[in-house]
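Take a look at the model below. The text then walks through one buried position, some ring pairs and a ligand site.

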Amino acid sequence: MKLQKIVVIGTGYVGLPAAILLARAGHDVVGVDINDNIVRAINEGVLHINEKELQAVMEEEEVRKNLRAQSTPCEADAYFIAVPTPLDERKKIADMSYVISAAESILPHLREGNLVVLESTVPPLTCREVLTPILEKSGLKVGENLHLAHCPERILPGNVFHEIVHNDRLIGAKDAKSRELAAEVYSTFVSGQLFQTDDVTAELCKLMENTYRDVNVALANELSAVCDTLEISAKEAITLANRHPRVNILFPGIGVGGHCIPIDPWFIKEVDPMNSRLIFTSRMINDEQPYRIAAKIRKAVKNVNTPRIVAIGATYKPDTEDTRESPAIEIVDILKSDGYSIEHFDPLVPEMKYESLESIVEGADCLTILVPHKEVISELERSSDAISDKMRTPIVLRF
Ligand SMILES: NC(=O)c1ccc[n+]([C@@H]2O[C@H](COP(=O)([O-])OP(=O)(O)OC[C@H]3O[C@@H](n4cnc5c(N)ncnc54)[C@H](O)[C@@H]3O)[C@@H](O)[C@H]2O)c1
């Protein structure tokens, strides 16, 4: 193996699985994290992310032998950077501070022939305009005696072990040698296809994938609003439209959550606002969706005196426990700030669990299912009569 020793900077949802798979493939891997609890957990063989299959891999002898963690970087053949790139909420641009400090932290250790791989999701031109100038402070020259590639991550939390191995990957770099070296490292643990391209294309592709989703959701949400104006069922209209052989409209939702789809489209607008009008409008439509849903709930209870509302679902999508950027939480907050009495439960979120729907709707006027977790829908269908009987006013809304 040409690149035997690999340092992974940032061992969270993206960096840790990569570190584990690289160790399993026989690399000598050092995970680096500024969070001491994570460093300790890795050294004790404990996975700090909720991925059952990956925990088993982490306990394999080869992984325990080849993976260790520490809080600062050291010399290596290759560096992977997988630190957060959150959205600066006020400016709606990428907060690059973690990437910058990660790059600066490896500077003293860089030597001729090293490969640096950026896995974090970033605005286009980050490799050229942000990373290259920092890395070249080492005296080395990117594309000549230092190699740099962007290999964005596509894993789906909850299914990380399968996806990190089987998904196709993009290997983006300005020069052929960087591409070749990065492809060589990924080929040690990826069985999906590795597609080589330039760095800017790889940066934009990752953002395009999530933006595609966001724009399509916005179209569904907008069409649903039109259906409401016309007082027809959006579900029926979309189902019938989708009988066209080349049409596949998504169904409307309560908004877009999670840590990728509502964020990544902004990184495109950041670099080319003039050509991002559809992307921007879609973001606005999806960000406004929780207000439309709150209005629907208000309308449903408008004839009830001091209505008591019970809301189910707090995660950003069904059948996960992840509440990051959750529109369901936003809807409940909107209604609370309007003065409504609303109780919020979620069977998958530890601190929001409940015994049964029947027990929590006693005396309520509106049961609203914000997130259709499989177990919620099956309980609702199983005991719909009993649930209605317990309610003071049996208004049940499903989104
Ligand atoms: N989570 C996902 O499903 C997913 C999927 C695709 C892409 N991404 C992208 O991958 C990147 C990382 O996301 P994540 O979900 O792994 O984040 P995360 O918060 O789970 O992990 C990032 C880790 O980096 C550490 N860190 C921050 N600055 C550091 C530094 N200077 N040195 C060392 N460690 C540092 C943090 O302590 C944290 O443990 C982001 O750009 C994200 O958008 C995430």
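S282 has a relative accessibility of 2% in this predicted model. Buried means under 20%, so S282 counts as buried. The residue sits in helix 12, which spans residues 277-300. What does S282 touch once its neighbours within four places in sequence are left aside? The contacts are D214, V215 and A218.

Now turn to the aromatic rings. The count comes to 4 aromatic pairs. One of them joins F80 and Y186. Their ring centres are 5.5 Å apart, and the planes meet at 40 degrees. That pair is tilted. It links distant parts of the chain. F80 belongs to strand 4 (residues 78-81), while Y186 belongs to helix 8 (residues 176-186). The two are 106 residues apart. Are these residues buried or exposed? F80 is buried, and Y186 is buried as well.

A second geometry appears at F345 and Y354. Why is this pair edge-to-face? Planes over 60 degrees apart count as edge-to-face. The planes of F345 and Y354 stand at 75 degrees, with centres 5.8 Å apart, so the pair falls in that class. F345 and Y354 are both buried.

Return to F80 and Y186. Ring pairs tie these two residues and F189 into a cluster.

Next comes the ligand. The shell around the ligand holds 24 residues. Which of them come nearest? They are Y13, V14, D33, T85 and T121. By type, the shell divides into 13 nonpolar, 8 polar and 3 charged residues. Helix 5 (residues 97-106) supplies the largest share of the shell, with 3 residues.

Polar contacts add detail to this picture. Y13 and T121 are both among the nearest residues. A polar backbone atom of Y13 lies 3.0 Å from an oxygen atom of the ligand. For T121, a polar backbone atom is likewise 3.0 Å from a ligand oxygen atom. H259 takes part through its side chain: a polar atom there is 3.3 Å from an oxygen atom of the ligand. How much of the ligand's exposed area does the protein bury? Taken alone, the ligand exposes 830 Å², and the protein buries 87% of that.

How values were computed:
Residues numbered from 1 in each chain as written. Predicted model: local features only at pLDDT ≥ 70, side-chain atom pairs only at ≥ 80, totals over all residues. Heavy atoms only, no water. Near = heavy atom within 4 Å. Polar contact = N/O pair within 3.5 Å; in protein donor to acceptor, adjacent residues only side chain to side chain. Areas by Shrake-Rupley, 256 points an atom, 1.4 Å probe, with all protein chains shown as cover. Helix = DSSP H or I, 4+ residues; strand = E, 2+ residues; numbered from the N terminus. Nonpolar A, V, L, I, M, F, W, Y, C, P; charged D, E, K, R; others polar. Phe/Tyr/Trp six-rings, centres within 6.5 Å; stacked < 30°, edge-to-face > 60°. Buried < 20%, exposed > 50% of the residue type's maximum accessible area, 1.4 Å probe, protein only. Contact = heavy atoms within 4.5 Å.
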